[in-house]
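User: Hi! Could you walk me through this model, one question at a time?

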Amino acid sequence: MPRHVVFHGNTEGYFTRAAGGFRRLWGCTMVNHVWGLLSHPGPELQKIQREQETVSHLYYHHVMLLALIPVVCSFIGTTQLGWNFGDGQNQLVSMFTASYIAVIFYVMMLAAVVLMGRIIYGMARRYDSRPTLNSCIIFAGYVATPMFLSGIVALYPMVWVCLFVGLIGLCYSGYLLFLGIPNFLNIDRHEGVLFSTSTLAIGILVLELLLALTVLMWGFSMKLF
């Protein structure tokens, strides 16, 4: 005879506790702070600063996971649909070629976070409240969150669509930078705008280099390899 499971008491409370447990599991094992950075970025950035997170924790629980989004989506998009440069022809990438390009692409993004952290650390040397290098890398990792999320568009690898969505991600990352820098460096809003503008300009140059290398690898891999 089949057994029927009977819930005693408040079933709504049961499911609420179950959902809470899932959210805690998600927060501990997957990506932290993503929703907060999208829904209420100012308070979330302050919360991140108070947590005194380590660089290793940042990478294991945030950067390494989010960086997989553009890598996996690019791998699927370029091998199944192919790059579309607007000429009506799709250029497919072989599974073998896409595999090692994906590894290179992934390592480049992980290194870019460290590079931007070092840039912020170097530019902050003239402030009395200069944060540590680790703090700067952590800050750069969370600021890059929208850029990682925008990588989902690579599932449909049309160049102009990818550039447009990437620009949106860049603008939101710039917004996080403007919000977070004054509190991060303990400086006034005006000084924070100047610092953020300079940092964003350097970040755009780094992004352009990353995009150029990405286009060369993903878009012209059939010719180069």
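User: Glad to have it on screen. In which helix is Ile-76 found?

Analyst: Happy to help! This is a predicted model, where local features need pLDDT of at least 70, side-chain atom pairs count only at pLDDT 80 or more, and totals for chains, interfaces and linings use all residues. Residues are numbered from 1 along each chain as its sequence is written, and side-chain values use heavy atoms, with hydrogens and water left out. Helices here are DSSP runs of H or I with at least four residues, strands are E runs of at least two, and both are numbered from the N terminus. Ile-76 lies in the run covering residues 68-80, helix H5.

User: Why does Ile-76 count as partly exposed?

Analyst: Buried means under 20% relative accessible area and exposed over 50%, with partly exposed in between (1.4 Å probe, protein chains only). Ile-76 therefore counts as partly exposed, because its relative accessibility is 37%.

User: Which helix gives the most to the largest nonpolar core?

Analyst: A nonpolar core is a set of buried Ala, Val, Leu, Ile, Met, Phe, Trp, Tyr and Cys residues joined through side-chain atoms within 4.5 Å. The largest one has 40 residues, and Phe-148, Ile-181 and Leu-185 touch the most other members. Helices supplying at least two residues each include H4 (55-66), H6 (95-123) and H9 (159-185). With 10 residues, the top contributor is H6.

User: How many helices and strands does the protein chain have?

Analyst: From the N terminus on, the elements run α-α-α-α-α-β-β-α-α-α-α-α-α. That gives the protein chain two strands and 11 helices.
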